[in-house]
Amino acid sequence: MTAFNPLTAILTQNKLEGPNYVDWKRNLDIVLIAEEYKFVLDEVCPEKPGDDATDDEQKAYQKWIKADEMARCYILASMSNVLQHQHQSMESAYDILENLKEMFGDQNRAAKQTAMKALLNTKMVEDFA
């Protein structure tokens, strides 16, 4: 039996369904930072080392590959089955997140615009007591 991991519980309890993209992404970032895998979203994969590569180059490449694999697993495990099927064949965690941002990222912008429009169109009511 595996030990309870509060980090994975965060993602299990907050599966990506679509409308909750912003909250899901925030929780995913927390988990990836805590697990030290988030760097694969910001750093390009090092070139596959050749036979003449140094030990450090080999280790850096293997570290990136392992971290990307783990990040992909966290991402895929924390989304709905439909979204899993759409993204499971993508090569990297970065590719998956870019696609999800295209699909759901504009929802946050649209919600902000709607709220701002409502705020700007609100008129103060004078209180004639």
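Where is the place of E36? In this predicted model, E36 sits in the loop between α2 and α3. The residue comes just after α2 and takes a positive phi of about 65 degrees. E36 does so although it is not a glycine. Most residues other than glycine have a negative phi. E36 is exposed, because its relative accessible area of 63% lies over the 50% cut-off.

The helix before this loop was examined next. α2 has 14 residues, and at 1.5 Å a residue it should span 20 Å. The end C-alpha atoms of α2 are 20 Å apart, so the expected span and the model agree. Several residues of α2 are buried. They are Y21, W24, N27, L28, D29, V31 and L32.

Two of these buried residues, W24 and L28, also stand out in the largest nonpolar core. This core holds 24 residues. W24 and L28 are among the members that touch the most others, together with L16, V40, I75, M79 and L100. At least two core residues come from each of α2 (21-34), α3 (39-42), α4 (55-77) and α6 (93-120). The largest share, six residues, is supplied by α4. In soluble globular proteins, nonpolar side chains tend to be buried together.

M79 illustrates the contacts of one such core member. Neighbours within four places in sequence were left aside. M79 is then in contact with K15, L16, Q84, H87, I96 and L100. Of these partners, L16 and L100 are also listed with M79 among the core residues that touch the most other members.

Technical notes. Residues are numbered from 1 along each chain as its sequence is written. This is a predicted model: local features need pLDDT of at least 70, side-chain atom pairs count only at pLDDT 80 or more; totals for chains, interfaces and linings use all residues. Side-chain values use heavy atoms; hydrogens and water are left out. A nonpolar core is a set of buried Ala, Val, Leu, Ile, Met, Phe, Trp, Tyr and Cys residues joined through side-chain atoms within 4.5 Å. Buried means under 20% relative accessible area, exposed over 50%, partly exposed in between (1.4 Å probe, protein chains only). Helices (H or I, at least four residues) and strands (E, at least two) are DSSP runs, numbered from the N terminus. Contact means heavy atoms within 4.5 Å. The expected span of a helix is 1.5 Å times one less than its number of residues.
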